[in-house]
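Colleague: Hi, I'm new to this one. Could you put it up so we can go through it together?
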Amino acid sequence: MITLQGAAKRFANGVQALEDLSFTVKRGEFVSLLGPSGCGKSTALRLVAGLLAPDAGAVRYMGGKPEIGFVFQDHTLMPWADALTNARLPLDLKKLPRREGDRRAAAALARVGLAGFERAFPRELSGGMKMRVSIARALAAQPQLLLLDEPFAALDEITRNALGDDLLKLWREDGLTVLFVTHSVSESSYLAGRVLVMTPRPGRIAADIALPATRDSRLAPATIEAQRLISGALHTAIAT
Ligand code: ADP
């Protein structure tokens, strides 16, 4: 679905965030982009989304640019708007008729377990629920590609695990393609089908690890084995 080929990005302040970054994400995959803080993961995600252009190299979409949903670490909800209005934002931007927008936004909220909370304001919702609204907003426009930038980093472990399980369910049910940025080995070992390990800045891919589909819980032997593999690759990436 997406190919980054030799992508480089240097910011105006002289920081070389990415250098020769190449990877492919196939339709229907759940891929995790993992690396130390500051290695350029967010920058890579913004290249994929077309929010930033690479200085060198290319970003290619097979079969045309897909509809993209983007979830940020901060929920980025409008505090003055209720959950339905927040979730409807991408549809409003597409100038969908209000009634159709409301219908789709309500359906997206129901998909993330927030039926009945349409009229709740962000201040009335817990951190996990705000993140759910943020995911509903990304889903409202029925994306083919979901990009998530450390979406659960600010949440407690119980909430983080519940949201991770729900994300897996959405991915399976909707046939989504997911690119999930994280610095957590345990998170990527359970959620992803494939983990791309990045080097410290300037970020490149140090390892591309396909994980077995048998990780049916966070403590399954296959998940623990995946953690060992990812951890080893990360260690090597940082040391070299
Ligand atoms: P990560 O997501 O892996 O933590 P980022 O992609 O956010 O890393 O950042 C990579 C590097 O680029 C960091 O050193 C960061 O400070 C720098 N950077 C990110 N965005 C900008 C920007 N708009 N201007 C200047 N430097 C930036």
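Colleague: Thanks! Let me start with D74: why does D74 count as partly exposed?

Modeller: Keep in mind that this is a predicted model. D74 has 48% relative accessibility, and partly exposed covers the range from 20% to 50%, so D74 belongs there.

Colleague: And where is D74 found?

Modeller: D74 is in the loop between β5 (68-71) and α2 (83-93). D156 is 82 residues apart from D74 along the chain, and their C-alpha atoms are separated by 14 Å.

Colleague: New topic: what is the order of strands in the open sheet?

Modeller: The three strands run β2-β1-β4, with antiparallel pairing. At the edges are β2 (16-25) and β4 (56-61), each pairing on one side only. On average, neighbouring strands of this sheet are turned by 15° against each other, ignoring direction.

Colleague: How many bridges join β1 and β4?

Modeller: Five bridges, in the antiparallel sense, with β1 spanning residues 2-10. A8, for example, has A56 in β4 as its bridge partner.

Colleague: Which helix packs on the sheet?

Modeller: That's α1 (residues 41-49), which touches β1, β2 and β4. The direction of α1 makes about 55° with that of β2.

Colleague: Now the ligand. Which residues come nearest?

Modeller: Of the 13 residues around the ligand, the nearest are G38, G40, K41, S42 and T43. Helix α1 gives the most to the shell, with three residues.

Colleague: What about the backbone of G38?

Modeller: A polar backbone atom of G38 is 2.7 Å from an oxygen atom of the ligand. For C39, the corresponding distance to a ligand oxygen is 3.1 Å. The protein covers 67% of the 560 Å² of accessible area that the ligand has on its own.

Technical notes. Residues are numbered from 1 along each chain as its sequence is written. This is a predicted model: local features need pLDDT of at least 70, side-chain atom pairs count only at pLDDT 80 or more; totals for chains, interfaces and linings use all residues. Side-chain values use heavy atoms; hydrogens and water are left out. Two strands pair if DSSP finds at least two bridges between them. Helices (H or I, at least four residues) and strands (E, at least two) are DSSP runs, numbered from the N terminus. Axes are lines fitted to C-alpha atoms, for helices over the stretch in contact, and angles run from 0 to 180 degrees between N-to-C directions. Contact means heavy atoms within 4.5 Å. Buried means under 20% relative accessible area, exposed over 50%, partly exposed in between (1.4 Å probe, protein chains only). A residue is near a molecule or strand if one of its heavy atoms lies within 4 Å of it. A polar contact is a pair of N or O atoms within 3.5 Å; within protein, one must be able to donate a hydrogen and the other to accept it, and residues adjacent in sequence count only if both atoms are side-chain atoms. Accessible areas come from the Shrake-Rupley method with a 1.4 Å probe; for residues, only the protein chains shown count as cover.
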